[in-house]
Amino acid sequence: MIGASGPAPAFGGVTVGDGAVIAAGSGRPAVRMQGVTAGYGARIALEAVDLEIGAGSLLAVIGPNGAGKSTLLKVIGGLLEPRSGTVEVLGGPPGAEARRVAYVPQAEAVDWQFPVTVEEVVMMGRIPRIGILRRPAAADHAAVADALATVNMTEASRRQIGALSGGQRRRVFLARAIASDPDVYLLDEPVTGVDATTQEDLMDVLEAEARQGKTVVATTHDLACAAHRFQQAVLINRRIVAAGPANLILDQRLLAETYGGHVLVVPGLPNGSVLLDDAHHHDESGGESHFHEELGR
Ligand code: ADP
Ligand code: MG
């Protein structure tokens, strides 16, 4: 289990190889996956995934384009039915506790031209609690205001979502998740393509949520951010390559195994960590690479 606390497991907390399970922590896991295989049509995106994520974890999911990171979040969120294996979220099947799980899709998956204000987007996070036929109550408006303040977007509450920058949109989508008051956050690339200030601000918010016992699972391409700001990391490439404390997992050998070579050493990262030249050899979907942007920073 990936846990925020508890006794250190064997091998310094790192589990390597197929069927990796981190056995740390003592509390109930927020997520438990056993032998999960999932995909689309003939394509297998995830294979034989065993993973337990302890409540209160701040977990980065790392891997090359097409590795199955988004698929993992969709399976946990109940948006994609696995072909085989079992998934438990907050003690029940995925989707059973939908109100307690906030899923934020990749920015690319959102129609930003939809005419809606920032405030309205964040209020959508309250709908499962309000019900679609009732009007928001004072408590709902207060939750929206609080969430906007948390991500520093109060001033922009009446603006159209389409008029915002990429970083501001990320803030608003996180606010929508916060307003839903979840126990589990599933965030797909929450800090990809945003400026450094926004990245730090968003990570501060996620860290605070995890400290309150919320479970945060976020995919990211940014290895420096994963190493510096996340407690735990899972390296995946269809299968789990390794899982454990972020500073231990993000080492050259494990990353090279995850990304299939093409590594580039960048000084200043922990453990002599690397940023990677993605080399596009894992992605048949034409998904974009973010590594060159990272290298340019
Ligand atoms: P990642 O988020 O790590 O880039 P994904 O989970 O999005 O990877 O994708 C894993 C694999 O599944 C890739 O090969 C991708 O092309 C494929 N895939 C993802 N979504 C779909 C879909 N809706 N239909 C068909 N194939 C998909
Ligand atoms: Mg993805």
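## Exercises on a predicted model with two ligands

A polar side-chain atom of Lys69 lies 2.8 Å from an oxygen atom of ligand 1. The model is predicted, and the exercises below start from this contact.

**Exercise 1. The surroundings of ligand 1**

Task: Find which residues come nearest to ligand 1, what polar contacts Arg43 and Ala67 make with ligand 1, and which elements supply the shell.

Solution:

1. Begin with the contact of Lys69, whose side chain places a polar atom 2.8 Å from a ligand oxygen. The protein covers 72% of the 550 Å² of accessible area that ligand 1 has on its own.
2. Add the other polar contacts. The side chain of Arg43 has an N or O atom 2.9 Å from an oxygen atom of ligand 1. With Ala67 the partner is a polar backbone atom, and the distance to a ligand oxygen is 3.1 Å.
3. List the neighbors. There are 12 residues around ligand 1, and those that come nearest are Arg43, Gly66, Lys69, Ser70 and Thr71.
4. Assign the shell to elements. At least two residues each come from strand S3 (43–54) and helix H1 (69–76). H1 gives the largest share, three residues.
5. Sort the shell by type: six residues are polar, four nonpolar and two charged.

**Exercise 2. The magnesium ion**

Task: Identify the protein donors of the magnesium ion (ligand 2), place both in the chain, and decide whether Ser70 is buried or exposed.

Solution:

1. The donor atoms are OG of Ser70 and OE1 of Gln106, at 2.1 to 2.3 Å from the ion.
2. Ser70 belongs to helix H1, while Gln106 is in the loop between strand S6 (101–104) and helix H2 (118–124); the pair is 36 residues apart and links distant parts of the chain.
3. Ser70 has a relative accessibility of 18%, so this residue counts as buried, the cut-off being under 20%.
4. Gln106 has a relative accessible area of 22% and is therefore partly exposed.
5. Ser70 is also among the residues that come nearest to ligand 1.

**Exercise 3. Thr220**

Task: Locate Thr220, state whether Thr220 is buried or exposed, and find which residues Thr220 touches.

Solution:

1. Thr220 sits in the loop that runs between strand S8 (215–219) and helix H7 (223–229).
2. Its relative accessibility is 1%, so Thr220 counts as buried.
3. A polar atom of the Thr220 side chain is 2.9 Å from the backbone nitrogen of Asp222.
4. Leaving out residues up to four places away in sequence, Thr220 touches Ala60, Val61, Ile62, Glu189, Val191 and Ala226.

**Exercise 4. Two positive phi angles**

Task: For Ala48 and Asn152, give phi, then the place in the chain and the exposure of each.

Solution:

1. Ala48 is not a glycine, yet its phi is positive, near 50°. Ala48 is part of strand S3, and its 29% relative accessibility makes it partly exposed.
2. Asn152, also not a glycine, has a positive phi of about 65°. Asn152 is in the loop between helix H4 (138–150) and helix H5 (166–179). At 58% relative accessibility, Asn152 counts as exposed, the cut-off being over 50%.

**Exercise 5. The whole chain**

Task: State how many helices and strands the protein chain has, and what share of its residues counts as buried.

Solution:

1. The chain has 10 helices and 12 strands.
2. Its residues number 297, and 51% of them count as buried.
3. Among contacts with a separation of 6 or more, 65% come from residues 24 or more positions apart.
4. The accessible surface is about 12900 Å², with 52% belonging to carbon and sulfur atoms.

Methods: Residues are numbered from 1 along each chain as its sequence is written. Chains are lettered from A and ligands numbered from 1 in the order in which they are written. This is a predicted model: local features need pLDDT of at least 70, side-chain atom pairs count only at pLDDT 80 or more; totals for chains, interfaces and linings use all residues. Side-chain values use heavy atoms; hydrogens and water are left out. A residue is near a molecule or strand if one of its heavy atoms lies within 4 Å of it. A polar contact is a pair of N or O atoms within 3.5 Å; within protein, one must be able to donate a hydrogen and the other to accept it, and residues adjacent in sequence count only if both atoms are side-chain atoms. Accessible areas come from the Shrake-Rupley method with a 1.4 Å probe; for residues, only the protein chains shown count as cover. Helices (H or I, at least four residues) and strands (E, at least two) are DSSP runs, numbered from the N terminus. Ala, Val, Leu, Ile, Met, Phe, Trp, Tyr, Cys and Pro count as nonpolar, Asp, Glu, Lys and Arg as charged, and the others, Gly among them, as polar. Donors are N, O and S atoms within 2.8 Å of the metal (3.2 Å for Na, K and Ca); water is not among the atoms, so sites may look incomplete. Buried means under 20% relative accessible area, exposed over 50%, partly exposed in between (1.4 Å probe, protein chains only). Contact means heavy atoms within 4.5 Å.
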